[in-house]
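Reader: I would like to learn how to read the features of a protein model one at a time, with the general idea first and the case at hand afterwards. Could we go through one together?

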Amino acid sequence: MNVESKWLEDFLVLAKVKNFSQAAELRNVTQPAFSRRIRLLEETVGAELVDRKSKPIELTPSGKLFRITARTLVNQIEAGISQISDLSQLGGNVVQVAAAHSLATSLIPKMQQAFDEGDYKPILSVEAIDVDEATKELREGACDILLAFDDDILRLPPYQSQLIAKTELLPVSACDEMGKPIYDFISQGAVPWLTYSSTSYMGRQVEIVRDQVNLMPIFSSSMTDMLKVLVLNKQGIAWLPAYSIQEELAQKKVAIIGEQSLRLPIEYYAYRYQARLHPAGEKVWSILCNLNA
C-alpha cells in the first residue's frame, strides 16, 4: 500500500474544515488537484472516506475511523523526523483530549502529575466542553481520547473503553454558619433548583428522580462548575458529582440533602478508537488505565 503523507495531511485538513475549496486553499493546491488526491487516498485504502452528498461534507464511518489512523501516522512521521534532526518533538507528543467540563477539572491534573520524563512525554491538548459535544468529538475522530460518562455505544467496537471510577450525583445545599443545610426537601415548599440542561447527560440522570421531590427550576446550565458556584452562593440546590465537592463537604460548606434514593450512581470512562495511537497517545492511555481516580 503506497499512501503519500501529503494525502494524509490533505484528509486531516478536509475533515476539520468540511469543505473541499477551503481545504484546497489551506493546502495551497487547486481544488481539482486536491479532490484527485483525496480520491487517490480512498482508492488506496479501499474505502470511501468522505460523504460528498452532505452539505457541509461529512466523514463516512470508515472516514471517522481512518481520521485517527491518519493523525497517528502523521504524528509518528513528525516525531521520527524530529528525533533524527534533533528538533523539538512537540508535534508528535501532543495528545488531543476531549473531556466533559467537570471531568477535565478533576482528572487532567492527576494525569499531568503521572507523567515522567522520557522520550515520549505527552503534551495534553485538552478541550473541555459539554458532555454530549465531547462524545461527538470522538465519534467524528476529532480527538485521540475522550473522558466522559457511561455511554453504551462507546463501549462497543470500534471503540475501546476503560472505566476510571464510579461515583454519585448528590443533591446538595449550601450550609449556614452552623454547618446545617439552608434548603431541604421536607420543611420547605418548592425548593429553588439549579438544574442541568435537559438534553445534557447530567440532566437526563436527574430527571429519573425529579418527581420524587418538589422542585422549582430557577437556573439551567450544562456546566457543573457553574452550578456549584451558585450552590455555594446559596441560590438553590443542585445535583453535583461527588468528586467535584469533596473539599466543600469536608469543610461543611455544602451538605447532602434528601433520601438515599435521590443519590444517583454514575460512572465515568476513558474512550478511544481501537486503532493504535501514536506513542504519546498510548502512554496517556496507559496512565488512564492505571489511574486511581
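**Reading the model feature by feature**

Author: The end C-alpha atoms of residues 3–60 lie 19 Å apart, and this span is 60% helix and 7% strand. The UniProt record, an unreviewed entry, lists residues 3–60 as "domain: HTH lysR-type". Please keep in mind throughout that this is a predicted model.

Reader: How many salt bridges are there in the model?

Author: Side chains of opposite charge can pair when their charged atoms come close. Counting a Lys or Arg side-chain nitrogen within 4 Å of an Asp or Glu carboxyl oxygen, the model has 17 salt bridges. One of them joins Glu4 to Lys6, with the closest N and O atoms 3.6 Å apart; Glu4 is partly exposed at 32% relative accessibility, and Lys6 is partly exposed at 35%. Another joins Arg155 to Asp152, where the closest N and O atoms are 2.8 Å apart; here Arg155 is partly exposed, with a relative accessible area of 33%, whereas Asp152 is exposed at 56%.

Reader: Which residues are linked with Glu9 in a network of salt bridges?

Author: The network of salt bridges links Glu9 with Asp10, Arg27 and Arg37.

Reader: And what should I make of the pair Glu248 and Lys228: are they buried or exposed?

Author: Both Glu248 and Lys228 are buried, and their side chains meet in a salt bridge with an N to O distance of 3.0 Å. Because Glu248 lies in helix α10 (residues 246–250) and Lys228 in helix α9 (residues 224–232), the pair ties together parts that are 20 residues apart in sequence.

Reader: Since Lys228 belongs to α9, how do I read the burial pattern of a helix, and which residues of α9 are buried?

Author: An α-helix has 3.6 residues a turn, so residues three or four places apart point the same way. In α9 the buried residues are Thr224, Leu227, Lys228, Leu230 and Val231. Viewed down the axis of α9, these buried residues fall within an arc of 165°, so they line one face of the helix. After α9 comes Lys234, whose phi is positive, near 65°.

Reader: Where else should I look at the backbone angles, and which peptide bonds are cis?

Author: Two bonds can be inspected in turn, each through its omega value. The peptide bond from Lys55 to Pro56 is cis, with omega near -5°, and Pro56 sits in the loop between β1 (50–51) and β2 (58–59). The peptide bond from Pro157 to Pro158 is also cis, with omega near 10°, and Pro158 has its place in the loop between β5 (145–149) and β6 (159–174).

As for phi, Asn28 has a positive value of about 60° although it is not a glycine; Asn28 is in the loop between α2 (20–26) and α3 (31–45) and is exposed, with a relative accessible area of 71%. Lys252, likewise not a glycine, has a positive phi of about 60°; Lys252 is found in the loop between α10 and β10 (254–256) and counts as exposed at 55% relative accessibility.

Reader: How do I read empty space in such a model, and what is the volume of the largest cavity?

Author: Rolling a probe the size of a water molecule over the atoms shows where empty space is left. With a cut-off of 30 Å³ or more, the count comes to one cavity, and the largest cavity has a volume of about 70 Å³. Its lining has 14 residues, of which Ala100, Val131, Met202, Ser222 and Thr224 lie nearest the centre. The lining of this largest cavity divides into eight nonpolar, five polar and one charged residue, and α6 (101–114) and α8 (201–207) each supply at least two of its residues.

Reader: Turning to the pockets, which element gives the most to the lining of the largest pocket?

Author: That element is α4, with five residues. The largest pocket has a volume of about 460 Å³, and of the 20 residues that line it, the closest to its centre are Lys16, Arg67, Arg71, Gln96 and Ala142. The elements giving two or more residues to this lining are α1 (5–17), α4 (61–85), β3 (94–100) and β4 (123–129). By class, the lining of the largest pocket has nine nonpolar, four polar and seven charged residues.

Note on methods
Residues are numbered from 1 along each chain as its sequence is written. This is a predicted model: local features need pLDDT of at least 70, side-chain atom pairs count only at pLDDT 80 or more; totals for chains, interfaces and linings use all residues. Side-chain values use heavy atoms; hydrogens and water are left out. UniProt positions are given in the numbering used here, feature names are shortened, and annotations may be inferred rather than shown by experiment. Helices (H or I, at least four residues) and strands (E, at least two) are DSSP runs, numbered from the N terminus. Buried means under 20% relative accessible area, exposed over 50%, partly exposed in between (1.4 Å probe, protein chains only). The arc is that of the directions from the helix axis to the C-beta atoms. On a 1 Å grid over the protein atoms alone, a cavity is a set of points where a 1.4 Å probe fits but cannot get out, and a pocket is an open set with protein on both sides within 12 Å along at least five of seven lines; lining residues have an atom within 4 Å of a point. Grid points are joined across faces, edges and corners, and a volume is the space filled by probe spheres set on the points. Ala, Val, Leu, Ile, Met, Phe, Trp, Tyr, Cys and Pro count as nonpolar, Asp, Glu, Lys and Arg as charged, and the others, Gly among them, as polar.
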